[in-house]
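I opened my notebook beside the viewer and jotted down what I looked up, one topic at a time. Come along with me.

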Amino acid sequence: MSAPVLSIQNMSHYFGGLKAVSDFTFEVPEGVIYGLIGPNGSGKTTTFNLVTGIYTPTQGKILFEGDDIVGMKPFKIVQKGIARTFQNLRIFSALSVVDNIRVARHFTTKSGIFSSFLRLPSFLKEEAAVRDEVMELIKLMNLEHRANDIAKNLPYGELRRLEVARALATKPKLMLLDEPAAGMNPKETEDLMKLVRRVRDEFKVTIFLIEHHMKFVTGICERVKVIDFGETIAEGKPEDVVKDVKVLEAYLGRKAVVC
Amino acid sequence: MDKLKLPKLAIAGAIFYVIVQILILTGVLNGYFVVIINRSLIFVILAATLNLINGITGQFSLGHMGFAAVGAYVSGTLTTLVFKLSPHVFTDNLIFIAAIIIGGIGAAAVGFLIGFPSLRLKGDYLAIVTLGFGEIIRTILNNIAYVGGPRGLLGIPKFSNFTVIFLFTFFTIVLLRNLVQSSHGRAMLSIRENELASELAGVDTTKYKVLGFVVGAFFAGLAGGLLCHLLQIAHPTQYGFYASALILIMVYAGGMGSLTGSIIAAFSLTFLTEGLRVGIDWLRDSVGIPIGTEWTMVVYALLLILIMLFRTEGLMGMRESKILIIEEKHV
């Protein structure tokens, strides 16, 4: 396995006296699909919020491609190459599908405010280039028929794909997916698994995801970390991890395991 | 698209200008109506720029007239006190245009000073800070003897005429439209839609919130400059909360985020104000009901309540007229 894209060292985070994340140390190797699983309240989303800069860890380091990103503003971290999707979709609902994705290409554009005011040739050229790139992405996500629709009129499954497309538009090296299969039926989950694999293979993006859906995790992840109450309880290949007694306890309770 | 085809907005603007100009020259519109049309155009600038801050970037400013006051007093001081210009000298008209733009730059600088520290605040808190800012500006102006203090800045030469005001308004709308329908504009819209998602799409949200304030303040400053050279007086009370609230009502009535809505609402409400004034005078003088013009504010308040109850999104919602939409080639 190649060098880690993301390396977390002794990271802890407290909300007042509550330990949300306790002394996490792990690495996400380049090119893998890495799963972070655990029961509700185990610290998964907090981990994502720490990596994306929404929270600053109380202790520890977060290295992205060797650089410490602790204390950087979220938009800077995105610009460095970490994109994410949200558990509860956060779509720009009044904007069109194209515009939703174009927002994520914004930081790569160089046209200043004055050339936008005056619609100078350099600005128009850049806008056209961004639009073409975004249309490519829309095609890959099978959202072509929706390109000019207002996002709030899209069905749930398409919104999920739109959010993935928006995250991809930032040209990330690492993509965090927060419960991508939430609220999906088996068929949609199946499609999503294919999509995630395609994203990894075609865009060379490392995937780091949170999921409750065990079938999804075992079906797609190449490496899994299980946490509970902010502590790591298991780490390894998904097929081994699901047999771990501690994991079963965390998910089903002690009695269920004993019986 | 045919390259020789004029943009729809230019055609619409030209038609409006020619019709009004013909009506003025033939004497159909008397001086009174011309003033109301000029005022309407100035309020178009104010409403459209407040819309940039409140409707498009999703912030909440209650002190928009404070920026207009800065523009008015800066340009008024330059034309009246510093250079003592006269509208009858051709070159003075050019200096007047420069003075208006300097007023806009002054307002933009104030917008930056206000925006930078206060845009960490959200919603109600930001509203309170901007409300306070508007009042601070008004109080400061009240206490500067050089610009007339509570008496106001008097004797400002009448440089603003229909043509000048029309051109400023037209170009303000063109530039705002261009901004909103650009990468920068979409960054601003995304902040309104979902600030966290915007930040995590790589948008420097603080920068764009400040930018919204600075651009909005610049054009509001131009509007202030035009207004004082139309009325020939700049008075602190003209730029108080009452006027800021009126602009806010225009933005809500027209539709948050719709420049078209702001244009329609600025015209409708400016004419309504005049209509109400005439109506109230008639009720007081002819019918004998003892009421004053302050009752116009009651009508506005009712209007705002009715909008919130029956048409929350305002007249246009977030839609734009086709005239204001830039067609994209690669569809």
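These entries cover one chain's fold, then a sheet in the other chain, then the place where the two chains touch.

**Entry 1: what I have open.** I noted first that this is a predicted model.

**Entry 2: the make-up of chain B.** I counted secondary structure in chain B and got 12 helices and 0 strands. Reading from the N terminus, I wrote the order down as α-α-α-α-α-α-α-α-α-α-α-α.

**Entry 3: the dimensions of chain B.** Does the radius of gyration of chain B agree with that of a compact globule, or disagree? A compact globule of 331 residues would have a radius of gyration near 20 Å, and chain B has 20 Å, so the two agree. I then looked up the span of the C-alpha trace along its principal axes, which is about 55 × 50 × 50 Å for chain B. Of the 331 residues in chain B, 49% are buried. I also checked the contacts in chain B with a separation of 6 or more: 81% of them link residues 24 or more positions apart.

**Entry 4: a sheet in chain A.** I moved to chain A and traced an open sheet of 6 strands, ordered β6-β7-β8-β3-β9-β10, with mixed pairing. Which strands sit at the edges? They are β6 (82-84) and β10 (231-236) of chain A, each of which pairs on one side only. Ignoring direction, I found that neighbouring strands of this sheet are turned by 20° against each other on average.

**Entry 5: one edge up close.** I reminded myself that strands of a sheet pair through backbone hydrogen bonds, either parallel or antiparallel. Here β6(A) and β7 (residues 174-178) of chain A run parallel and are joined by 3 bridges. I picked out Ile82(A), whose bridge partner in β7(A) is Leu174(A).

**Entry 6: a helix across the sheet.** Next I followed helix α1 (residues 44-51) of chain A, which lies across β3 (33-37), β6, β7, β8 (206-210) and β9 (223-228) of chain A. Its angle to β7(A) is about 145°.

**Entry 7: where the chains touch.** How many residues does each chain bring to the contact? I have 26 from chain B and 30 from chain A. On the side of chain B that touches chain A, α6 (162-180), α7 (183-193) and α8 (195-199) of chain B each supply at least two residues. The largest share, 7 residues, comes from α7(B). I sorted the residues of that side of chain B by type and got 10 nonpolar, 10 polar and 6 charged.

Note on methods:
Residues are numbered from 1 along each chain as its sequence is written. Chains are lettered from A and ligands numbered from 1 in the order in which they are written. This is a predicted model: local features need pLDDT of at least 70, side-chain atom pairs count only at pLDDT 80 or more; totals for chains, interfaces and linings use all residues. Two residues are in contact if their C-beta atoms, placed from the backbone, lie within 7 Å. Helices (H or I, at least four residues) and strands (E, at least two) are DSSP runs, numbered from the N terminus. Ala, Val, Leu, Ile, Met, Phe, Trp, Tyr, Cys and Pro count as nonpolar, Asp, Glu, Lys and Arg as charged, and the others, Gly among them, as polar. The radius of gyration is taken over C-alpha atoms; the globule rule is 2.2 Å times the number of residues to the power 0.38. A residue is buried if 20 or more other C-beta atoms lie within 10 Å of its own, exposed if 12 or fewer, and partly exposed in between; C-beta atoms are placed from the backbone. Two strands pair if DSSP finds at least two bridges between them. Axes are lines fitted to C-alpha atoms, for helices over the stretch in contact, and angles run from 0 to 180 degrees between N-to-C directions.
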